Amino acid sequence: MILLIAVGIFVWLAIQQFKYTPPERRRKLILQYVLIALALAAVLLAITGRLHWVGAAVAVVLPVLNRLWRTFGRHLPWITPLIAKHARAKAEKEQAKQSGKTSQGEERTAQRPSEPQLTVAEARKILSVSASATKGEIIGAHRKLIQKFHPDRGGNDYLASRINAAKALLLKQLEQ
């Protein structure tokens with residue numbers, strides 16, 4: 001009975017910690033929880049005298065894993081370029097994320113290289129403002145749209161970046 005209460009408290013604490021963990025760290029946290037659960041299960045099996053079943057299961061699984069590893073190893077030269085491509089893309093994404101911040105930590109309004117250049121007409125169309133729009137109208141239209149399409153509110157990064165780029169372009173044009 002005490003063991004069940006302890007497990008219940010542990011599960012409740014784990015769920016609470018999981019809720020308040022940032023999404024990028026949740027995968028690591030789940031792995032830690034799985035390893036802790038496996039260790040506790042091994043201790044429980046050892047206490048109850050049933051650990052020999054785990055040893056038998058491991059003895060059955062190891063030869064199967066060995067054969068799968070050798071089969072996978074034959075195809076590794078074919079898979080290596082794919083793994084390298086994935087690693088390169090991930091590194092480029094991290095680098096873009098790091099270089100996308102200014103010294104104050106604010107995101108730049110500059111467009112990513114892969115995005116097409118924005119014209120003044122497209123910027124007006126995105127923000128739904130006229131050619132004679134004032135600075136206040138542009139900022140108001142931007143604020144209204146960004147509240148709808150911000151990534152933190154269910155929008156996506158592409159739309160938010162286009163809205164920000166449209167605002168920056170129109171404000172820059174007003175200053176000239």
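Over which residues does pLDDT stay under 50, and how many contacts beyond four places in sequence does the model have for them? In this predicted model, the stretch in question comprises residues 102-111, for which 16 contacts beyond four places in sequence are present. For the protein as a whole, the mean pLDDT is 82, and 86% of the residues reach 70 or more. Among the elements, helix α6 has the highest mean pLDDT, at 91, whereas helix α4, which spans residues 76-99, has the lowest, at 78.

The protein contains seven helices and zero strands, so that, read from the N terminus, the order of elements is α-α-α-α-α-α-α. Of its 176 residues, 14% count as buried. The accessible surface amounts to about 14,500 Å², and carbon and sulfur atoms account for 64% of that area. When contacts between residues at least 6 apart in sequence are considered, 50% of them join residues at least 24 apart.

The largest nonpolar core consists of 15 residues, among which L127, V129, I138 and L170 touch the most other members. Two or more residues of this core are given by each of α5 (120-127), α6 (135-149) and α7 (157-175), and the largest share, six residues, comes from α7. In soluble globular proteins, nonpolar side chains tend to be buried together.

The surroundings of L127 illustrate how residues of this region meet. Neighbours within four places in sequence being left aside, L127 is in contact with I138, A141, H142, L145, I163, A166, K167 and L170. One of these partners, H142, is placed in helix α6 and has a relative accessible area of 10%, under the 20% limit, and is therefore classed as buried. Besides L127, the residues touched by H142 are I163, N164 and K167, again without counting residues up to four places away in sequence.

Directly after L127 in the numbering, S128 is located in the loop between α5 and α6. The phi angle of S128 is near 55°, a positive value in a residue other than glycine. With a relative accessibility of 64%, S128 counts as exposed, in contrast to the buried H142.

A further set of contacts involves L169, which is found in helix α7. Leaving out neighbours within four places in sequence, the contacts of L169 are with L118, T119, V120 and A123. The C-alpha atom of L169 is separated by 9.4 Å from that of R124, although the two residues are 45 apart along the chain. The relative accessibility of L169 is 24%, and because this value lies between the limits of 20% and 50%, the residue is counted as partly exposed.

Nonpolar side chains also occur at the surface. A nonpolar patch is formed there by L51, V54, V58, V60, V61, L62, V64, L65 and L68, which together have about 770 Å² of accessible area. Within this group, L68 belongs to helix α3, which covers residues 51-74. Its relative accessibility of 52% is over the 50% limit, and L68 therefore counts as exposed.

Another member of the patch, L51, can be related to A41, a residue of helix α2 (residues 23-48). A41 and L51 are 10 residues apart along the chain, and a distance of 9.4 Å separates their C-alpha atoms. A41 itself has a relative accessibility of 35% and is accordingly counted as partly exposed.

Terms used
Residues numbered from 1 in each chain as written. Predicted model: local features only at pLDDT ≥ 70, side-chain atom pairs only at ≥ 80, totals over all residues. Heavy atoms only, no water. Core = buried A, V, L, I, M, F, W, Y, C linked by side-chain atoms within 4.5 Å. Buried < 20%, exposed > 50% of the residue type's maximum accessible area, 1.4 Å probe, protein only. Helix = DSSP H or I, 4+ residues; strand = E, 2+ residues; numbered from the N terminus. Contact = heavy atoms within 4.5 Å. Patch = residues over 30% accessible without salt bridge, like charges linked within 9 Å, V, L, I, M, F, W, Y side chains within 5 Å. Areas by Shrake-Rupley, 256 points an atom, 1.4 Å probe, with all protein chains shown as cover. Salt bridge = Lys/Arg side-chain N within 4 Å of Asp/Glu carboxyl O. pLDDT = per-residue confidence, 0-100.
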